[in-house]
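This briefing introduces selected features of one protein structure for a first-year reader. Please consult the sequence and the structure shown here while reading the points that follow.

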Amino acid sequence: MDDKYKIAGFQLPHTDNKINRILSSALEGRIGKQGDIKISNQVDLIYWDANFFGLDRVNFFQAASEEEQIGILQQCCEGIIKEAYFIEKAGVGYMAKMISLAETTEERMLYGCFCGDEAAHLSQICQFLPESFLNNELAEIGNQFLKLLAEVAESCDKTVLLFILQVVLEGWGLTHYRSLAKSCQNPNLCAVFQGFLNDESRHHATGITLLNRTQINSQSRIIIVEILVQFLQMVQVGPQSVLAAISNIKGGLSRQQSILVLEELDTQTHSGTRLEMLRSLMQTEQSIGVIDE
């Protein structure tokens, strides 16, 4: 199947035509009058400061020139916005898929509402991305987490989808967006992330409710554990995007320099906190044994 038809829709291009006017009108009740989807020209804005990324503790960053520091922060901030864009884009496809998997009229109606939520979120995030990014058909996704997200979304096992995407990742997303909103230096973007929270909370709570009505069979459990192992390994290695931004701007880092940066970023504490949070999200009525495995 052509990539652009996959559930996550990462390869679906953006177009500038009459459908955008209809889309803007349809979204007006959710996010206010926007006109055509606008792309900010201020792509050099730094939405989060050095402290948010832990860069205040990194000697390479502190010793860098002002221009290099700005470049590193820009890459870190752009990485967050792009990741949010792909997550919300995948969310539209996921919720549409769950409409087709619904087992009651009310469940189908609820996922129809959730699909609208994700479409509104995607529209809002687009305003903070450069036009050049949106005009690219996004042929290559380098982020390993996003690749895993896209693979999971293709699953036909509803139990796996509920557990991984709605219980674990939507729960993770709630904490993530709350943190982004709290520390964001741009009031417009801050308001966008704040606005996501109620919607994401409903999506997460629905996942828990539906999962608790489901018996996780042995095959689903095996798949869930395999996916979680991959995800937890990604969390365990620490803030690789921050390390990559430093390396890109500084023209590359040696292995020892990379290790030093990760130590200064306090990767062990960073990862440990997130792993404990994920452990708490996995503790549902139906997930007995998953954590141990």
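A cavity is a set of points, on a 1 Å grid over the protein atoms alone, where a 1.4 Å probe fits but cannot get out, and its lining residues have an atom within 4 Å of a point. The model is predicted, and local features need pLDDT of at least 70, side-chain atom pairs count only at pLDDT 80 or more, and totals for chains, interfaces and linings use all residues. Residues are numbered from 1 along each chain as its sequence is written, and side-chain values use heavy atoms, with hydrogens and water left out.

**The cavity**

- The structure holds 1 cavity of 30 Å³ or more, and the largest cavity encloses about 60 Å³; such a volume is the space filled by probe spheres set on the points, which are joined across faces, edges and corners.
- Its lining consists of Phe145, Leu148, Leu149, Val152, Ile164, Val168, Leu169, Ile227, Leu228 and Phe231.
- Two or more lining residues come from each of helix H7 (144-153), H8 and helix H10 (218-236), where helices are DSSP runs of H or I with at least four residues, numbered from the N terminus.
- H7 gives the largest share of this lining, 4 residues.
- By class, the lining has 10 nonpolar, no polar and no charged residues; Ala, Val, Leu, Ile, Met, Phe, Trp, Tyr, Cys and Pro count as nonpolar, Asp, Glu, Lys and Arg as charged, and the others, Gly among them, as polar.

**The nonpolar core**

- A nonpolar core is a set of buried Ala, Val, Leu, Ile, Met, Phe, Trp, Tyr and Cys residues joined through side-chain atoms within 4.5 Å; buried means under 20% relative accessible area, exposed over 50%, and partly exposed in between, with a 1.4 Å probe and protein chains only.
- The largest such core has 82 residues, of which Trp48, Leu55, Phe163, Ile164 and Phe193 touch the most other members.
- Helix H8 (residues 158-183) contributes the most to this core, with 14 residues.
- Leaving aside residues up to four places away in sequence, isoleucine 164 is in contact (heavy atoms within 4.5 Å) with Val152, Leu169, Ile224, Ile227 and Leu228.
- Threonine 159 belongs to helix H8 and is buried at 11% relative accessibility.
- With the same sequence neighbours left out, threonine 159 touches Leu211, Thr214, Ile216, Ser220 and Ile224.

**Salt bridges**

- Side chains of opposite charge can pair when their charged atoms come close.
- A salt bridge is a side-chain nitrogen of Lys or Arg within 4 Å of a carboxyl oxygen of Asp or Glu, and by this rule the count comes to 5.
- Glutamate 78 and lysine 82 form one of them, at 2.9 Å from N to O.
- These two residues are 4 apart in helix H4 (residues 66-101), so about one helical turn separates them.
- Glutamate 103 also forms a salt bridge with lysine 158, with the closest N and O atoms 3.2 Å apart.
- Because glutamate 103 lies in the loop between H4 and helix H5 (105-126) and lysine 158 in helix H8, the pair ties together parts that are 55 residues apart in sequence.
- Glutamate 107 pairs with lysine 158 as well, at 2.5 Å between the closest N and O atoms.
- Glutamate 107 is in helix H5 and lysine 158 in helix H8, 51 residues apart.
- Glu103, Glu107 and Lys158 are thus linked in a network of salt bridges.
- Glutamate 103 is exposed at 61% relative accessible area, whereas lysine 158 is buried at 14% and glutamate 107 is buried at 6%.

Key
On a 1 Å grid over the protein atoms alone, a cavity is a set of points where a 1.4 Å probe fits but cannot get out, and a pocket is an open set with protein on both sides within 12 Å along at least five of seven lines; lining residues have an atom within 4 Å of a point.
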